Amino acid sequence: MDLKPGSSLWVEVEDLSPQGLGVANVDTQTVWVRQALPGDKVQAVVTRRRLGRIEARLLKVEQPSPHRVLPLCRHFGPCGGCALQHMDYPTQIAWKQRMLKATFEEALPGLPLPDIRVVPMTSPWHHRAKMEFTFGQQANGIVLGLHRRGSFERIVDIDCCEIAPHAVSALLKALKDHVNRSGLEAYRPKDHRGFWRYAIVRSSYSKGELMLLLVTQDGPRSAVEALVDPIFQAVPELKSFYWGIATKVSDVADVQMFTLLRGTGMLEDEVAGIRFHVGPIQFVQPNVKLAHPLYETIRTEVQLSGKEAIYDLYCGIGLIALALASKAKWVCGVESVSENVRLAEMNAKLNGASNTTFVWGKVEDLLKKSTLFKLGPAPDVIVLDPPRAGLHPDAYAPLLKTCAPTILYLSCNPTSLARDLKVLLERDPKYRLQTVHLFDFFPHTPHAEVLAVLRRG
Ligand SMILES: C[S@@+](CC[C@H](N)C(=O)[O-])C[C@H]1O[C@@H](n2cnc3c(N)ncnc32)[C@H](O)[C@@H]1O
């Protein structure tokens with residue numbers, strides 16, 4: 001069959017790609033159909049053929065998969081936020097578990113894998129701790145929402161986001177009303193003109209309080225200040241209003257400067273007994289409902305007696321370090337952003353954790369110089385929680401040289417996690433992969449948070 005762009009075809013979907021697209025085989029060719037599920041019989045039209053990859057758009061579901069459900073969100077489809085709302089939640093979980101197992105099996109062939117312990121959400125909605133919305137200019141005014149799937153500049157106007165906490169929808173509506181009365185236009189990446197760029201909203205875990213960072217091009221402060229009173233009035237959960245300026249051409253917020261206009265500079269929060277302060281740009285675990293079981297699982301996995309030295313590498317504002325400090329002898333956190341180190345120190349004081357030290361620097365640099373593990377006792381536990389790219393290659397050898405009895409590796413990217421585990425396990429065969437936990441931090445997307453526990457015996 002000649003599958004050119006524009007060709008219409010009927011297919012039975014057999015599988016789901018790692019990106020969440022339905023996969024069908026037609027003769028010897030593979031076709032990817034967005035929003036199609038294994039078990040669906042669908043009509044689709046070929047939209048693109050590139051490098052042997054055939055992509056098709058769903059036209060009609062002739063016979064639905066038994067796992068197909070009605071998406072809760074009215075923006076599902078065009079919105080780039082969720083890809084799997086049409087799949088029932090237990091099937092999403094089972095699929096993520098299979099995908100993770102397959103990723104590990106591919107990277108670590110022949111290695112006996114432990115069962116993957118899954119921590120799903122009880123109700124997989126209204127869970128995102130931080131959301132970044134983008135303003136867009138349309139013929140009838142300014143819209144505010146998420147990027148259209150696959151588009152750099154087109155924005156889906158969102159009035160209610162089902163993965164954001166409820167109060168966020170009221171904030172979006174109030175912002176949209178008021179920027180539309182400002183006389184200023186939304187930023188357009190195409191010609192780098194316009195003023196309103198992003199609304200970054202953080203929600204606290206414990207009280208559902210909101211912090212807003214409203215990001216614009218460089219321009220009149222008075223236009224942003226005019227929004228402060230009406231937005232606070234419209235959204236009682238709002239506790240903090242920052243103005244940020246981003247001047248670079250980019251489709252993600254790269255905020256060069258920000259100023260507090262009203263309210264508290266930090267949200268005060270608590271999770272799993274850890275009290276902390278967080279500002280508008282720091283990282284905290286992105287699921288307000290599963291952060292608690294994550295920190296509890298970390299505590300259970302390390303089984304501290306009070307004599308241990310722990311190194312929390314890539315520590316952010318120190319929450320893993322502080323989750324463990326009360327049962328450890330000494331905890332050292334390492335973080336490359338100096339403001340995060342300052343907050344980690346402040347959070348340690350808030351929790352009375354005087355047995356903690358936070359070090360500013362890049363993990364790989366400190367490891368390479370062999371200075372890190374001389375700061376205190378040899379590590380009994382090393383916790384790794386790097387960004388998506390995983391460990392720097394310079395980190396492997398110094399980490400292994402410590403012979404730490406336990407390494408906990410937390411990751412939002414199973415591919416880089418599996419790559420790093422392969423190196424660690426191959427270079428020191430005394431380590432074994434004892435436990436793998438999958439936390440469903442990102443329901444309705446193909447993503448997951450994974451905690452791998454290595455023990456040296
Ligand atoms: C996934 S977050 C970890 C957050 C923390 N463990 C928590 O539970 O809140 C990764 C952190 O690593 C920091 N980071 C990124 N690259 C780094 C590097 N090369 N060395 C040290 N820290 C780094 C980032 O600033 C960020 O705070």
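1. Where is the place of S7 in relation to β1? In this predicted model, S7 sits in the segment that comes before β1, the strand covering residues 8-12. With a relative accessibility of 16%, S7 counts as buried, because buried is taken to mean under 20% relative accessible area. Its side chain reaches the backbone oxygen of K4 at 2.6 Å. When residues up to four places away in sequence are not counted, S7 touches D2, A44, V45 and V46.

2. The strand that follows S7 belongs to a sheet of its own description. Six strands form this open sheet, in the order β1-β5-β6-β4-β3-β2, and the pairing within the sheet is mixed. The edge strands are β1 and β2 (15-16), each of which pairs on one side only. Inside the sheet, strand β3 (residues 22-26) and strand β4 (residues 29-33) pair in the antiparallel sense over five bridges, and in β4 the bridge partner of N25 is T30.

3. Two residues deserve a look for their backbone angles. Most residues other than glycine have a negative phi. Q35, which lies in the loop between β4 and β5 (41-50), has a phi near 65°, a positive value in a residue other than glycine. H126, which is placed in the loop between β7 and β8, likewise has a positive phi, near 55°, and is also a residue other than glycine. As for their surroundings, Q35 counts as partly exposed at 25% relative accessibility, whereas H126 counts as buried at 15% relative accessibility.

4. Strand β8 has two partners that can be checked residue by residue. Five bridges join β8 (residues 130-138) to strand β11 (residues 196-203), and the two strands run antiparallel; in this pairing E132 stands opposite I200 of β11. Five bridges also join β8 to strand β9 (residues 141-147), again with the strands running antiparallel, and here F135 stands opposite L144 of β9. The connection from β8 to β9 is a hairpin that passes through two residues.

5. Another open sheet is formed by eight strands, in the order β7-β22-β23-β21-β20-β17-β18-β19, with mixed pairing. Why is one side of β7 and of β19 left without a neighbour in the sheet? Strands β7 (116-119) and β19 (356-360) stand at the edges and each has a single partner strand, so one side of each remains without a neighbour in the sheet. From one strand to the next, the twist averages 15°. Helix α1 packs on this sheet and touches β7, β22 (431-439) and β23 (449-456), while the direction of α1 makes about 155° with that of β22.

6. Within the eight-strand order, the pairing of β20 with β21 can be described in detail. Strand β20 (residues 381-384) and strand β21 (residues 406-411) pair in the parallel sense over four bridges, and V381 stands opposite T406 of β21.

7. Is Y409, which lies in strand β21, buried or exposed? At 1% relative accessibility Y409 counts as buried, because that value is under 20%. Leaving aside the neighbours within four places in sequence, Y409 is in contact with L384, P386, G390, L391, S416, L417, D420, L421, V450, L451 and A452. One of these residues, D420, also takes part in a polar contact, in which the side chain of Y409 meets the side chain of D420 at 2.6 Å. F373, by contrast, is 36 residues from Y409 along the chain, and the C-alpha atoms of the two are separated by 18 Å.

8. The last point concerns the packing of two helices. Helix α1 (residues 89-107) and helix α9 (residues 414-427) pack at an angle of about 35°, with their axes 9 Å apart, and α1 passes α9 in a right-handed crossing. The contact is made by L100, T103, F104 and A107 on the side of α1 and by P414, T415, L417, A418, L421 and K422 on the side of α9. Sorted by class, the residues of this contact are seven nonpolar, two polar and one charged. Among the α9 residues in this contact are L417 and L421, and Y409 is in contact with both L417 and L421.

Methods. Residues numbered from 1 in each chain as written. Predicted model: local features only at pLDDT ≥ 70, side-chain atom pairs only at ≥ 80, totals over all residues. Heavy atoms only, no water. Pairing = 2+ DSSP bridges. Axes fitted to C-alpha atoms, helices over the stretch in contact; angles between N-to-C directions. Left-handed = near helix turned anticlockwise from the far one by under 90°. Contact = heavy atoms within 4.5 Å. Nonpolar A, V, L, I, M, F, W, Y, C, P; charged D, E, K, R; others polar. Buried < 20%, exposed > 50% of the residue type's maximum accessible area, 1.4 Å probe, protein only. Polar contact = N/O pair within 3.5 Å; in protein donor to acceptor, adjacent residues only side chain to side chain.
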